[in-house]
Amino acid sequence: MHSRDNVDEFDVPSSGSFGDDEITAQLFRSAFAGQAGPKSVTRRWREMTTEQSQEAWRSLFAWVRWLVATYQLTTSVVPDCWWRHPEIVAELYALHRAELASYTTDDPGFGPLAFHERLPHAVERLRTHTRAAGCVGLQAHKDPAPRMLANDDPAFLDWCKAAHQLVPEF
């Protein structure tokens with residue numbers, strides 16, 4: 001590229017999956033990005049250590065309090081015993097992580113909009129989970145009945161031995 005002042009000449013490759021606009025955007029993002037703070041980690045609840053779990057619960061509880069107050073969510077969406085229902089916890093944790101990810105230093109402003117576009121869908125899923133839990137109508141917590149699938153069913157064991165992949169006959 002030649003400037004009118006003929007100061008510098010540089011070539012920006014545009015081959016591959018990036019066009020000139022994307023390369024330019026990446027250069028600007030990296031040039032103006034501030035010092036990145038510590039990255040927040042999303043974890044699977046079932047794989048957390050005790051320390052990680054305690055920190056996740058503290059953070060999630062504070063965030064759920066904020067969410068309920070800010071968006072005036074009723075007990076039909078987030079019941080008082082939300083923390084005792086794994087499906088509600090999973091939904092709230094996913095929403096919490098999505099909200100955190102939507103406010104990053106390199107986001108031009110679309111992250112918060114995307115979060116708010118997804119929020120009504122999450123609220124409907126929470127409403128469905130809460131209705132299924134049955135706590136709101138009872139005005140008291142109802143322990144969920146855990147359902148554990150048997151892993152020793154002979155039909156399942158036989159099923160596992162087969163490939164179950166369509167193989168073209170050429």
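Reader: Leaving aside neighbours within four places in sequence, which residues is Ser102 in contact with?

Author: A contact list of this kind shows what a residue meets beyond its own stretch of chain, and in this predicted model the partners of Ser102 are Asp107, Gly111, Pro112 and Phe115, once neighbours within four places in sequence are set aside. Ser102 itself lies in the loop that joins helix H3 (86–101) to helix H4 (110–133).

Reader: Is Ser102 buried or exposed, and what does its side chain reach?

Author: Burial is read from relative accessibility, and because the cut-off for buried is under 20%, Ser102 counts as buried at 6%. As for polar partners, the side chain of Ser102 reaches the backbone oxygen of Glu99 at 2.7 Å.

Reader: How should I read the other loop residue, Gln72, and where is Gln72 found?

Author: Gln72 is found in the loop between helix H2 (50–70) and H3, and the feature to look at there is the backbone angle phi, which for Gln72 is near 50°, a positive value in a residue other than glycine. Gln72 has a relative accessible area of 63% and is therefore exposed, since the cut-off for exposed is over 50%.

Reader: Turning to the interior, which residues touch the most other members of the largest nonpolar core?

Author: That core has 20 residues, and Leu60, Val78, Trp82 and Leu92 are the ones that touch the most other members. Helices H2, H3 and H4 each supply at least two residues of this core. Taking Val78 as a case, and leaving aside its neighbours within four places in sequence, one finds it in contact with Val64, Val68, Leu73, Leu92, Leu126 and Thr130.

Reader: Where does a nonpolar patch form on the surface, and which residues form it?

Author: Such a patch is formed by Phe156, Leu157 and Trp159, which together have about 330 Å² of accessible area. Trp159 has its place in helix H6 (residues 154–161), and with a relative accessible area of 55% Trp159 is exposed, because exposed means over 50%.

Reader: How many helices and strands does the chain have, and what do the totals for the chain say about burial and exposed area?

Author: The chain has 6 helices and 0 strands, so that, read from the N terminus on, the order of elements is α-α-α-α-α-α. Of its 170 residues, 20% are buried, while the chain exposes about 13,600 Å², of which carbon and sulfur atoms supply 57%. Among contacts in the chain with a separation of 6 or more, 61% come from residues 24 or more positions apart.

Notes
Residues numbered from 1 in each chain as written. Predicted model: local features only at pLDDT ≥ 70, side-chain atom pairs only at ≥ 80, totals over all residues. Heavy atoms only, no water. Patch = residues over 30% accessible without salt bridge, like charges linked within 9 Å, V, L, I, M, F, W, Y side chains within 5 Å. Areas by Shrake-Rupley, 256 points an atom, 1.4 Å probe, with all protein chains shown as cover. Salt bridge = Lys/Arg side-chain N within 4 Å of Asp/Glu carboxyl O. Helix = DSSP H or I, 4+ residues; strand = E, 2+ residues; numbered from the N terminus. Buried < 20%, exposed > 50% of the residue type's maximum accessible area, 1.4 Å probe, protein only. Contact = heavy atoms within 4.5 Å. Polar contact = N/O pair within 3.5 Å; in protein donor to acceptor, adjacent residues only side chain to side chain. Core = buried A, V, L, I, M, F, W, Y, C linked by side-chain atoms within 4.5 Å.
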